[in-house]
Amino acid sequence: MKSHPRLALLIVITCLATLTRAADRPNIVWIIAEDMSPHFGCYGEKSITTPNVDRFASEGTMFTRAFVTAPICSISRSALVTGMYQTSIGAHHHRSGRGEKKITLPPGVALVSAIFKQAGYWTSNGALEGKGKGIAKTDYNFEWDEAATYDGNDWKGRASGQPFFAQIQLVGGKLRDGADKCRAVVTKTLGSLTKPDDLPLPPYYPRTPEILADWALTLDACRYTDHQVGQVVERLKTEGLLESTVIFFITDHGVSHARGKQFLYDEGTHIPFIVRGPGIAKGKVRDDLIEHIDMAAASLALAGIAIPKAMQARDIFAQDYTTRGEVFSARDRADETVDHIRSARTVQYRYIKNFLPQRPHLQPSNYKDNKPCLIALRKARDEGKLDVVQQQLFEPTRSSEELYDVIKDPWQIHNLAAGPSTLDPSIAEPLAEFRGALEEWMEKTGDMGRKPEPPEMYDSDMAVYLSEKKGARTDELERNIALMKKWAAEGK
């Protein structure tokens, strides 16, 4: 049948419009490294060199004040992949909902990757190590449908011209968990190791050989991560995709140390956050406060996908974006260890509210107590090698409130909310403001952590933990669980 000229023209115009829309939809890549603070040259680290991340920052926009809403992997990732505060969606306890008791997302909340998939993107979640072994780390604390969320673990499976949304998981700071393996991998890949002797340390950690050696491994893990970031960028460049791809580089939370991972000081919550790609300013440094969940909203907006109305993340690149006056973070149960902490951070201050002040900072933890850094700290304590600041880590109780002037006190070791300083108007005023701001945030966002975790949910998850442990650590875990229940019964 002979085609009608006007119909043929309409088909051509429609096809061209479709191709234009496809071309206008950038690929989105999330590079997420585990357990790592911003120890990169572009963030001021001088003990090592990180040429790939530094170059990446110079070609994009770097955020110097990016903070996670939770300093623990499953909680951080549950918040990130939904663009929601974990406390608002019931995902605030670490690795929860994995036993008989399940957690489902509230109405109107969806996974970002599923939204991309529905919009026609190929979605993947993979790792540089262990390619071809299925979907990489998710660690979400709720029920979700893998088939509706990810197409695979690599973007190579997509249709020709199809835009993709890819999550790439890097081992990050977890590389240092096995010291010998870390040294072997770093030596093989980079040819040298960081020498520990003269490394600067935060003042709350003692300069013992064991602590210094562990800190050197922390930096070597950063060097290895830098290498892997370079690998991802090089692959995109080789495949001709680099200039049509927006790449985000972050970590899921700070370094896994006594004052880092699981806690709300900057060491646990401050992360690198760098974005490179079409439409992103080059060589720009932004000092405004952002939260890691903002990556969800920004990614959708860059792809031209509507941001769900319920989403709490903000598009940090929007023309009408209003900078945050403060950012918030929360810590609740981590594995078997029950805690309840909230924090608000401004440019000048860090405020922390400890709702269980009668418990020690370093509560018993089957996970953290067996890490080399904690073993080394306890050894230093037993040998009398801790000064007054370092000894605070082992105090049997905590202050119910903590306030730090992070400009004058970047290590957050002088608590202005304790002692006579609270009578000083210059301290009393911000302290009162933080109390109100934190209460308002908890109320406005529907913080589900204000009520203790139901005993049946705790028992459900602990049954899973116990089934995964073997040998002596099972006994330790059982003792810790019993202690948590005892303290709860005592109202401690």
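Which residues line the second largest cavity? In this predicted model, the lining consists of W30, I32, R77, L80, V81, K137, T138, Y140, Q167 and Q169. The elements that each contribute two or more residues to this lining are β1 (27-33), α3 (73-82) and β4 (164-170). Helix α3 supplies the largest share, three residues. The second largest cavity has a volume of about 50 Å³. Sorted by class, its lining holds five nonpolar, three polar and two charged residues.

Three cavities of 30 Å³ or more were found in a search of the whole structure. The largest cavity encloses about 90 Å³. Its lining is formed by Q262, F263, R331, T337, D339, H361, L362, Q363, S365, K368, D369 and L374. These residues comprise three nonpolar, five polar and four charged.

Pockets were examined next. The largest pocket contains about 820 Å³ of space. It is lined by 31 residues, and P38, H39, H270, P410 and W411 are the closest to its centre. Two or more lining residues come from each of β2 (61-67), α7 (209-238) and α8 (266-269). Strand β2 gives the largest share of this lining, with three residues. By class, the lining of the largest pocket is made up of 17 nonpolar, seven polar and seven charged residues.

For the second largest pocket, the volume is about 470 Å³. Of the 20 residues in its lining, those nearest the centre are V338, R359, P452, E453 and A488. Helices α13 (455-468) and α14 (472-489) are the elements that provide two or more residues to this lining. The class composition is seven nonpolar, four polar and nine charged residues.

Helix α7, which contributes to the lining of the largest pocket, also takes part in several helix packings. Two packed helices are described by the angle between their axes and the distance between the axes. For α6 (residues 179-190) and α7, the angle is about 45° and the axes are 10 Å apart. The two helices α6 and α7 are therefore oblique to each other, and α6 passes α7 in a left-handed crossing. On the α6 side, the contact involves A179, C182, R183, V185, V186, T189 and L190, while α7 contributes A213, L217, D220, R223, Y224 and H227. Eight nonpolar, two polar and three charged residues make up the contact of α6 with α7.

Helix α2 (residues 51-58) also packs on α7, with axes that come within 7 Å and cross at roughly 55°. The arrangement of α2 and α7 is therefore oblique. Residues P51, N52, V53 and F56 of α2 make this contact with D226, H227, V229, G230 and V233 of α7. The class composition of the contact is five nonpolar, three polar and one charged. Residue H227 of α7 thus appears in the contact with α6 and in the contact with α2.The packing of α7 against α10 (residues 372-382) has a crossing angle of roughly 160°, and the axes come within 9 Å. With angles over 145 degrees counted as roughly antiparallel, α7 and α10 are therefore roughly antiparallel to each other. The crossing of α7 and α10 is left-handed. In this contact, E210, I211 and D214 of α7 meet P372, C373, A376, L377 and K379 of α10. The contact of α7 with α10 divides into five nonpolar, no polar and three charged residues.

Taken by partner, the residues of α7 in these contacts can be listed along the helix. Residues E210, I211 and D214 face α10 in the contact list. Residues A213, L217, D220, R223, Y224 and H227 belong to the contact with α6. Residues D226, H227, V229, G230 and V233 belong to the contact with α2.

Note on methods
Residues are numbered from 1 along each chain as its sequence is written. This is a predicted model: local features need pLDDT of at least 70, side-chain atom pairs count only at pLDDT 80 or more; totals for chains, interfaces and linings use all residues. Side-chain values use heavy atoms; hydrogens and water are left out. On a 1 Å grid over the protein atoms alone, a cavity is a set of points where a 1.4 Å probe fits but cannot get out, and a pocket is an open set with protein on both sides within 12 Å along at least five of seven lines; lining residues have an atom within 4 Å of a point. Grid points are joined across faces, edges and corners, and a volume is the space filled by probe spheres set on the points. Helices (H or I, at least four residues) and strands (E, at least two) are DSSP runs, numbered from the N terminus. Ala, Val, Leu, Ile, Met, Phe, Trp, Tyr, Cys and Pro count as nonpolar, Asp, Glu, Lys and Arg as charged, and the others, Gly among them, as polar. Axes are lines fitted to C-alpha atoms, for helices over the stretch in contact, and angles run from 0 to 180 degrees between N-to-C directions. Angles under 35 degrees count as roughly parallel, over 145 as roughly antiparallel, 65 to 115 as roughly perpendicular and the rest as oblique. A crossing is left-handed if the near helix is turned anticlockwise from the far one by less than a right angle, and right-handed if clockwise. Contact means heavy atoms within 4.5 Å.
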